[in-house]
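Here are two short exercises to work through with the model open beside you. Take each one step by step, and try it yourself before reading the solution.

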Amino acid sequence: QVQLVESGGGPVQAGGSLRLSCAASGTIFRLNAMGWYRQVPGKQRELVASITSSDTTHYADSVKGRFTISRDTAKRTVYLQMNSLKPEDTAVYYCNAGGLTLAGYETDYWGQGTQVTVSS
């Protein structure tokens, strides 16, 4: 079983920066794509950024040029550097990872979420 533990959220003023981290622990054959999603009350969870095992990245249009996703494969950790934060970035941010179990099953893991609050 794999656990994803997020850190780095918190309050920040508009224009500021935060760096989220998500570390995977547990036994898994291979971690595939990892990513960050966010959700505000009453809305669907949305993809913010993702990164494949070959470091191909994808960003939501709303964060392009401001957020950067990266990963450290050896540490099984994914990061989200968030710059020029806006009040509309306020949300609970969730880490996600796809993986292949030792039994050969593709599966999906989620972190517990970390709150990011941007004040104007």
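**Exercise 1.** Find which cysteines are joined by a disulfide, and work out which parts of the chain the link ties together.

*Solution.* In this predicted model, start with the sulfur atoms: those of Cys22 and Cys95 are 2.1 Å apart, and a disulfide joins the two residues. The cut-off is 2.5 Å, so the pair qualifies. Next, place both ends: Cys22 belongs to strand 3 (residues 18-26) and Cys95 to strand 9 (residues 91-100), so the bond ties together parts that are 73 residues apart in sequence. Then look at the geometry: the angle about the S-S bond is -80 degrees, making the link left-handed. Now check the surroundings: Cys22 is buried, at 0% relative accessible area, and Cys95 is buried at 0% too. Finally, a search of the whole structure gives one disulfide.

**Exercise 2.** Decide what lies around the side chain of Arg71, given that Arg71 is buried yet has no salt bridge.

*Solution.* Begin by locating Arg71, which sits in strand 7 (residues 67-72). Look for an opposite charge: the nearest such side chain is that of Asp55, 4.8 Å away. A salt bridge needs 4 Å or less, so Asp55 does not qualify. Turn next to the backbone: the oxygen of Asn32 is 2.9 Å from a polar atom of the Arg71 side chain, and the backbone oxygen of Ile51 is 3.4 Å from a polar atom of that side chain. To complete the picture, list contacts beyond four places in sequence; among them are Leu31, Met34, Thr52, Thr77 and Val78.

Note on methods: Residues numbered from 1 in each chain as written. Predicted model: local features only at pLDDT ≥ 70, side-chain atom pairs only at ≥ 80, totals over all residues. Heavy atoms only, no water. Helix = DSSP H or I, 4+ residues; strand = E, 2+ residues; numbered from the N terminus. Buried < 20%, exposed > 50% of the residue type's maximum accessible area, 1.4 Å probe, protein only. Lys, Arg positive; Asp, Glu negative; His and termini not counted. Polar contact = N/O pair within 3.5 Å; in protein donor to acceptor, adjacent residues only side chain to side chain. Contact = heavy atoms within 4.5 Å.
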